[in-house]
Amino acid sequence: MARQTAPEVIKQALELVAQMRTLQLATVATDAAPLASYAPFVQHDGALFVYLSRLAQHAQNLHATPLLSAMLIRDESHCDEIFARPRLVFDCTVTVHARDGALFATVLDQFEARFGETANMVRELSDFSLFQLHPYGARLVSGFARAVNLGDDAMITLFGASFRERKE
């Protein structure tokens, strides 16, 4: 039987996803050079999406190596303890979606609703691609000695059908 995640852990993870507007991204280039960056995100049917310019190094990395570690982390100004900022870190595979698909239009509408005029402006730029994140594992850190690997139940609650186990 799959390990169950405590309801309070799932609640904390859901709150981080709902409260944050950007993801911290860790990508890797084909020459194995790591890159830390960030991007605004939206959630659609449980899946997380980022809209990135192919001119940006993190997008180039994802096109070449569609693996990503992403992090949602509580803002420093809202933390009681700077050494133990609440955060959700998840490992993902990534899919790029075609600009002419129905999903593209739906998700970009959500970007506009969430981020306004700038999202509307970049929507039409042809160098941007829509990336869907498919988390296969996650860890919630909510304080000192309070780190939990999320079970399948939590992953399904957080990411819906976008959750899938990584096939080794």
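These legends walk through several close-up views of a predicted model. Residues are numbered from 1 along each chain as its sequence is written, and side-chain values use heavy atoms, leaving out hydrogens and water. Because the model is predicted, local features need pLDDT of at least 70 and side-chain atom pairs count only at pLDDT 80 or more, while totals for chains, interfaces and linings use all residues.

**View 1. The largest nonpolar core has 32 residues.** A nonpolar core is a set of buried Ala, Val, Leu, Ile, Met, Phe, Trp, Tyr and Cys residues joined through side-chain atoms within 4.5 Å. Buried means under 20% relative accessible area, exposed means over 50%, and partly exposed lies in between (1.4 Å probe, protein chains only). Look for L23, L68, L72, L88, F90, L133 and L150, which touch the most other members. Helix 1 gives the most to this core, with five residues. Apart from it lies another core, of 13 residues, including V42, Y51, F111 and V122. In soluble globular proteins, nonpolar side chains tend to be buried together.

**View 2. Helix 5 packs against several neighbours.** Helices (H or I, at least four residues) and strands (E, at least two) are DSSP runs, numbered from the N terminus. Helix 5 covers residues 152-159, and its buried residues are D153, A154, M155, L158 and F159. They pack against helix 1 (7-19), strand 2 (34-44), strand 3 (47-53), strand 5 (87-97) and strand 6 (128-141). Just after the helix comes G160, with a positive phi near 55°.

**View 3. H134 meets T95 through their side chains.** H134 sits in strand 6 and is buried, with a relative accessible area of 8%. Its side chain makes a polar contact with that of T95 at 2.7 Å. A polar contact is a pair of N or O atoms within 3.5 Å; within protein, one must be able to donate a hydrogen and the other to accept it, and residues adjacent in sequence count only if both atoms are side-chain atoms.

**View 4. K11 and E15 form a salt bridge in helix 1.** A salt bridge is a side-chain nitrogen of Lys or Arg within 4 Å of a carboxyl oxygen of Asp or Glu. Here the N to O distance is 2.9 Å. Because K11 and E15 are four residues apart in helix 1, about one helical turn separates them. K11 is exposed at 52% relative accessibility, whereas E15 is partly exposed at 29%.

**View 5. R123 joins a network of salt bridges with D109 and E112.** The closest N and O atoms of R123 and D109 are 2.7 Å apart. This pair links distant parts of the chain, with R123 in helix 4 (residues 117-123) and D109 in helix 3 (residues 102-115), 14 residues apart. R123 is buried, at 14% relative accessible area, while D109 is partly exposed, at 44%.

**View 6. Two loop residues other than glycine have a positive phi.** D45, in the loop between strand 2 and strand 3, has a phi near 50°. A145, in the loop between strand 6 and strand 7 (147-149), has a phi near 55°. Both are exposed: D45 at 64% relative accessibility and A145 at 85%. Most residues other than glycine have a negative phi.

Technical notes
Contact = heavy atoms within 4.5 Å.
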